[in-house]
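Let's take a walk through a protein fold together. Have a look at the chain first, and then we'll go from the overall picture down to single residues.

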Amino acid sequence: MSEETADERESVEAVERRLHPVTPLRRAWAPVAVAVGVIVRDLGDARQWLEGPTVGLVLLGIAVLLLAGGAYGFLSWWFTHYAVTETELRIRTGLLFRRSAHIQLDRLQAVDVTRPLLARFVGVAKLKLDVIGADEKDELAYLSEREARALRAELLTRASGKTSEAVGEAGEAPVQQLARVEPRTLAVSMLLKVSTWIALAAALAGPPVVWALSDSLWAAIATALPFLGGGWAISGGRFVREYGWTVSESLDGLRLDHGLLDRTHETVPPGRVQTVRIVEPLLWRRCGWVRVELDVAGSDNDVLLPVTERAVAERVVARVLPGVDLEAVTAALGRPPRRARWAVAAWWRGYGFTADGPVFASRHGLLGRSLALVPHAKVQSIRRVQGPWQRKLGLADVHIDTGADHTVTAHHRDAAEATALVAAQARRSRTSRHEEILTAG
């Protein structure tokens, strides 16, 4: 008798599981939404059609539509399975057209648990999978909250290369809270942003101006909607999204929990951060507040702390980028030469740069400041760029690209300094990557 291959053994050991029984309700609305869309699109014909049949026939049609939606949701749930093996997560779905996804666990960047508002009432959650090289996140929706957290722990444990025995003992790693944003602080920080008041002024002034010029109420209403939507996105929508923001530390990395209606539980894996930015809006400086942003390859989230005191930001940044002293980096920033004032007038005073420590650090902005920190090991490429006016002034920009497809620039450096910096930064990055590999090994 021939021996079983490793893949065959994995197939035998992998137990297929179904999603939570409430999942069909999530998918049952699709046929109903299509029917409503058709009725709204052809509203006149629909009104004539509804006037013809009796009330009984209309109720029968509604019942058939609801049954069709329910049947679609149930069959979609019935034909969806997932299984976890030693090396991959398999998701098999599809009612008419079958789809089978094989997610390699060693390519998992993060596994996030999300609980939308209605799902929280039922006690279920989504599991979102961030995979290297994937344009969109795969998800499992819905699982019970307990099952979602247990599966998350299992996937991360297997992804780290632990044995099956360790997987059986896996659970949520203990966490230590590092920072929490109070709702009052978050609300005040939004009121102290100039963009909030600009959006509010546009929403109040734009529609009346359009109404006066066009003499059309509908044009004014159509103008008001995008203004109100934009204002909500940067004020109320942001408050709802960032409410209760908590940063905690665990063996899995940094945990981010936030959301007033939809609660989101995200993880920033250790060593995956490409860039950290310290943003200081003008009106926040009096309060000593900053916003901490970050770039993680393949992640949609770019916020680490929406608003916090600078001392707290320094402590959290030291956890994200070990060995980085934010105060020391800020003190080491050097301005461009004074002749840069002929390129950007007074704004040249807001630029600063240093690469002597563990990070490539660049600051820009005179009123609202932003300081970007890139670990040397995360630099993918470095370029020296010089425009015609810069050539005349003997200046040049130095651009570095990170693994998160973002660019950080040291603006208006001396041309000779920029040339030397390109070669020096290439050596720093090469050495830092080599040390990172040795440490990981």
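Among the contacts in the protein with a separation of 6 or more, 52% are between residues 24 or more positions apart. Keep in mind as you read that this is a predicted model. The protein has 441 residues, and 42% of them count as buried. You can pick out 16 helices and 19 strands. The accessible surface adds up to about 24200 Å², and carbon and sulfur atoms hold 60% of that.

**The sheet**

Start with an open sheet of 7 strands, in the order β6-β5-β4-β10-β9-β8-β7, with antiparallel pairing. Which strands sit at the edges? They are β6 (138-144) and β7, and each of them pairs on one side only. On average, neighbouring strands of this sheet are turned by 20° against each other, ignoring direction.

Here are some of the pairings in this sheet:

| Strand pair | Sense | Bridges | One bridge pair |
|---|---|---|---|
| β7 (residues 176-180) and β8 | antiparallel | 4 bridges | Q177 and S248 |
| β8 and β9 (residues 253-258) | antiparallel | 5 bridges | S248 and R255 |
| β5 (residues 124-131) and β6 | antiparallel | 5 bridges | A125 and L143 |

S248 turns up in two rows: Q177 stands opposite S248 in β8, and R255 is the bridge partner of S248 in β9. β8 and β9 are joined by a hairpin that goes through 2 residues. As for β8 itself (residues 246-250), 4 of its 5 residues are buried, so this strand is largely enclosed by the rest of the structure.

**Helices on the sheet**

Now for what packs against those strands. Helix α6 (residues 145-159) lies across β4 (108-115), β5, β6, β9 and β10 (263-268), and runs at about 135° to β6. Helix α12 (residues 310-320) also packs on the sheet, where it touches β7, β8 and β9. The direction of α12 makes about 135° with that of β7.

Which residues of α12 are buried? They are V312, A313, V316, V317 and V320. They cover an arc of only 130° around the axis, which puts them on the same side of α12. These buried residues of α12 pack against β7, β9, β11 (273-280), β12, β13 and β16 (369-375).

Helix α8 (residues 183-191) can be read in a similar way. Its buried residues are L186, S189 and M190. Why are they on the same side of α8? They cover an arc of only 100° around the axis, and that puts them there. The buried residues of α8 pack against two helices, α9 (194-214) and α11 (236-242), and against the strands β12 (289-296) and β13 (303-309).

**The cores**

One general idea helps here: in soluble globular proteins, nonpolar side chains tend to be buried together. In this model, the largest nonpolar core has 37 residues, and V276, V292, L304, L305 and L373 touch the most other members. There is also a second, separate core of 22 residues, with I103, V111, L151 and L155 among them.

Zoom in on V292 to finish. Who does V292 contact, once its neighbours within four places in sequence are left aside? The list is V276, R277, I278, V303, L304, L305, T308, A313 and V317. Two names should ring a bell, since A313 and V317 are among the buried residues of α12.

Definitions and conventions
Residues are numbered from 1 along each chain as its sequence is written. This is a predicted model: local features need pLDDT of at least 70, side-chain atom pairs count only at pLDDT 80 or more; totals for chains, interfaces and linings use all residues. Side-chain values use heavy atoms; hydrogens and water are left out. A nonpolar core is a set of buried Ala, Val, Leu, Ile, Met, Phe, Trp, Tyr and Cys residues joined through side-chain atoms within 4.5 Å. Buried means under 20% relative accessible area, exposed over 50%, partly exposed in between (1.4 Å probe, protein chains only). Contact means heavy atoms within 4.5 Å. The arc is that of the directions from the helix axis to the C-beta atoms. Two strands pair if DSSP finds at least two bridges between them. Axes are lines fitted to C-alpha atoms, for helices over the stretch in contact, and angles run from 0 to 180 degrees between N-to-C directions. Accessible areas come from the Shrake-Rupley method with a 1.4 Å probe; for residues, only the protein chains shown count as cover.
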